[in-house]
Amino acid sequence: MMIRNCLLAAAMAFTAAPALAANYTLAVEPNYPPAQAEQVYQPLLDYLSASTGHTFRLKTSANYHVYWRDLRAGMKVDFAFEEAHFAGYRMGRLGFTPLVRTLEPTRYSLLADAMVAEEGTSGLIGRPVVSMPSPSMGYLLMLEIYRNPIAAPEIKSVGTGWRDGVEMIFSQETDAAMVPNYIAQLYPNLVVVSESREFIGRTLSAAGTVPSDVQDAVEEAMLKLHEDPGSYEVLVELGATQFVDAPAQEYTESESLLAGVFGYKARPAAPVVEEEAEPEAIDLDSISDEELGGLEVTAED
């Protein structure tokens, strides 16, 4: 009896113990070359590891073509930090849950120097404009500015990061660049030719395979990030001031931006189940003897 009680106590202690430290991958958009991305996101990885007790490793991609291919193939990652159109795709197709997002919403700006900007968006038709490749949000939103492919700039996807396009304006290798607003605000000497519509901020989401307690720990750590004086560098590198809650219902329509991208397949519509109509009750008193076939039914005492 004593042995049985000891085994039971040990089992209860084991189940009550916190989850053991584990390794988790964090996928990020290819906004930087892989080596530079490691440097940019290392402060975030270190912060999450210190806050949760788990180890976080970065998953980078060589370019947006590879990123989109892996996303469509459902390549296994545990967490992802990306724009809303990708976050919505993961939520609707791969069972991811949005945890937190940047306080600042996402907008993209078409930047140029003052002389070029004077001519407006039409002045850039046929002229070189730099953007990260499709299906980056910047590229897709620039197509909303120039809906007519005949009357559009010459879009050059030659940069390895969003800042490359801005630097190419200064070196006169391009006339304009499409960049996210957290980059645009770093260059007040350039002029915004056009600004995109607004999207929910960049989002950190978790795969359904990540234990709920780990998801909760990551979410709590990110919500407290701006309160930690020692983590200022994390926010600076991410171009954000704070992370806030990310309700799932805010992402239901965000993947629609991907609809025209090569390889995109719309989700099949949920089948509509039609309920069988209940047969109407028949009032026998309202039916004549002729309609009953001439039969008369009586009850004998």
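**Exercise 1. State how strand E4 (residues 97-102) and strand E10 (residues 203-206) are joined in this predicted model, then place them in their sheet.**

Solution.
Step 1. E4 and E10 run antiparallel, with four bridges between them. One pairing to look at is that of Thr97: its bridge partner in E10 is Ala206.

Step 2. Now add the packing helix. Helix H9 (residues 212-223) touches E1, E2, E3, E4, E10 and E11 as it packs on the sheet. The direction of H9 makes about 10 degrees with that of E4.

Step 3. Write out the strand order. The sheet is open and has six strands, E2-E1-E3-E10-E4-E11, with mixed pairing. Strand E2 (55-59) and strand E11 (243-245) each have a single partner strand, so one side of each lacks a neighbour in the sheet. From one strand to the next, the twist averages 25 degrees.

**Exercise 2. Decide from burial whether strand E5 (residues 108-112) is enclosed or open, and identify its partner strands.**

Solution.
Step 1. Count the buried residues, taking buried as under 20% relative accessible area. Five of the five residues of E5 are buried, so the rest of the structure largely encloses this strand.

Step 2. Split the strand by face. In a regular strand, side chains alternate between the two faces of the sheet. On one side of E5 are Tyr108, Leu110 and Ala112; on the other are Ser109 and Leu111. Both faces are covered.

Step 3. Find the partners. E5 is joined to strand E8 (residues 176-180) by four bridges, and the two run antiparallel. E5 also pairs with strand E9 (residues 191-195), again over four bridges in the antiparallel sense.

Step 4. Use Leu110 as the reference residue. Its bridge partner in E8 is Met178. In E9, the bridge partner of Leu110 is Ser194.

**Exercise 3. Describe the two largest pockets by volume and lining.**

Solution.
Step 1. Take the largest pocket. Its volume is about 240 Å³. The lining comprises 15 residues, and those nearest the centre are Glu104, Asn181, Tyr182, Gln185 and Gly239. Helix H8 (181-184) and helix H10 (232-238) are the elements that give two or more residues to this lining.

Step 2. Class the lining residues of the largest pocket: six are nonpolar, six polar and three charged.

Step 3. Turn to the second largest pocket, with a volume of about 150 Å³. Its lining residues include Ser134, Tyr139, Glu144, Arg147 and Val261. By class, five residues of this lining are nonpolar, two polar and two charged.

**Exercise 4. Find how many cavities of 30 Å³ or more the structure holds, and characterise each.**

Solution.
Step 1. There are two such cavities. The largest has a volume of about 100 Å³. Among its lining residues are Ala27, Val28, Lys59, Asp70 and Arg90. Strand E1 (23-28) and helix H3 (64-73) are the elements giving two or more residues to this lining. H3 gives the most, with three residues.

Step 2. Class the lining of the largest cavity: six nonpolar, two polar and three charged residues.

Step 3. Repeat for the second largest cavity, of about 80 Å³. Its lining includes Glu29, Tyr41, Phe81, Arg202 and Glu237. Strand E3 (79-82) and H10 each supply at least two residues. Five residues of this lining are nonpolar, one is polar and five are charged.

Step 4. Link this cavity to the largest pocket. Tyr182 lines the second largest cavity. Tyr182 also lies among the residues nearest the centre of the largest pocket.

Conventions:
Residues numbered from 1 in each chain as written. Predicted model: local features only at pLDDT ≥ 70, side-chain atom pairs only at ≥ 80, totals over all residues. Heavy atoms only, no water. 1 Å grid on protein atoms, 1.4 Å probe; cavity = no way out; pocket = protein on both sides within 12 Å on 5 of 7 lines; lining within 4 Å. Points joined across faces, edges and corners; volume = space filled by probe spheres on them. Nonpolar A, V, L, I, M, F, W, Y, C, P; charged D, E, K, R; others polar. Buried < 20%, exposed > 50% of the residue type's maximum accessible area, 1.4 Å probe, protein only. Pairing = 2+ DSSP bridges. Axes fitted to C-alpha atoms, helices over the stretch in contact; angles between N-to-C directions. Contact = heavy atoms within 4.5 Å.
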